[in-house]
Amino acid sequence: MAFELPPLPYDYDALAPHVSRQTLEFHHDKHHKTYVDKLNELVAGKAEEGSSLEDIVRGAEGPLFNNAGQHWNHSFFWRCLAPGGGGQPTGEVADRIGSSFGSYDDFRAQFKDAAVTQFGSGWAWLTDDGQGGLSVMKTPNADLPLKHDVKALLTIDVWEHAYYLDYQNRRPDFVEAFLDHLVNWDFVNQNLAG
Ligand code: MN
């Protein structure tokens, strides 16, 4: 069965003004769709055709890894965003952020630093070390925590296509809008529990 582009979990206008309809149309309907289409081309008639996305991500290298990784990353990223999100976390993750980073403000500063300093294209993440501790990491290009046996809780896409139409070169402004207005903490809590 072919891999499929998941629909956005909200309307194209729902994240404005922080992320515009135009950005979501290009980012989801064109960029993410292209990764899915290329992934399907690459697995067609191959041993990986019946594999799970996670197994391909763990086992593949080169173009197959890049397109599988980007499909996983984007499918996860859309769910990390919600209208009216961001700001102080609630629930279990609020306690875990407090114990791991000292305070929400310390987490916010570390996450922002990772997202802003990822050189070139990539992703910044909140991850769970499985021992009660949470960490911030950043990955280049299509790389992701799953490839390193680390559990992802939250991510931001810092490829230019994620923000250039709305923020041009001002990546720090996009990262702040994500943190202050878009993070779906309910989804992060689900990931922590799951
Ligand atoms: Mn992207």
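Here is a short conversation about a predicted model, its two domains and its manganese site.

Residues are numbered from 1 along each chain as its sequence is written. In this predicted model local features need pLDDT of at least 70 and side-chain atom pairs count only at pLDDT 80 or more, while totals for chains, interfaces and linings use all residues, and side-chain values use heavy atoms, with hydrogens and water left out.

Colleague: Glad to look at this with you! How is the protein divided, and how far apart are the C-alpha centres?

Modeller: Domain bounds here come from an automatic or database domain assignment. That gives domain 1 (21–79) and domain 2 (92–193). Their C-alpha centres lie apart by 20 Å.

Colleague: What area is buried between domain 1 and domain 2?

Modeller: Contact (heavy atoms within 4.5 Å) takes in 22 residues from domain 1 and 24 residues from domain 2. Buried area is the accessible area (1.4 Å probe) that two parts lose on being put together, summed over both. Carbon and sulfur atoms give 68% of the area between these domains, which is about 1900 Å².

Colleague: Which three residues supply the most of the area that domain 1 buries against domain 2?

Modeller: One trio supplies 33% of that area, more than any other three residues. These residues are F76, F77 and R79.

Colleague: Which residue forms a salt bridge with E61?

Modeller: A salt bridge is a side-chain nitrogen of Lys or Arg within 4 Å of a carboxyl oxygen of Asp or Glu. The count between domain 1 and domain 2 is one. For E61, the closest N and O atoms are 3.3 Å apart, and the partner is K147.

Colleague: Which element gives the most to the side of domain 1 that touches domain 2?

Modeller: Helices (H or I, at least four residues) and strands (E, at least two) are DSSP runs, numbered from the N terminus. The elements giving two or more residues to this side are α1 (21–43), α2 (53–59) and α3 (62–79). With 10 residues, the one that gives the most is α3.

Colleague: And the metal: which residues coordinate the manganese ion?

Modeller: Donors are N, O and S atoms within 2.8 Å of the metal (3.2 Å for Na, K and Ca); water is not among the atoms, so sites may look incomplete. H74 lies in helix α3 and D157 in strand β3 (residues 151–157), so this pair ties together parts that are 83 residues apart in sequence. At 1.9 to 2.1 Å, the coordinating residues are H27 (NE2), H74 (NE2), D157 (OD) and H161 (NE2).
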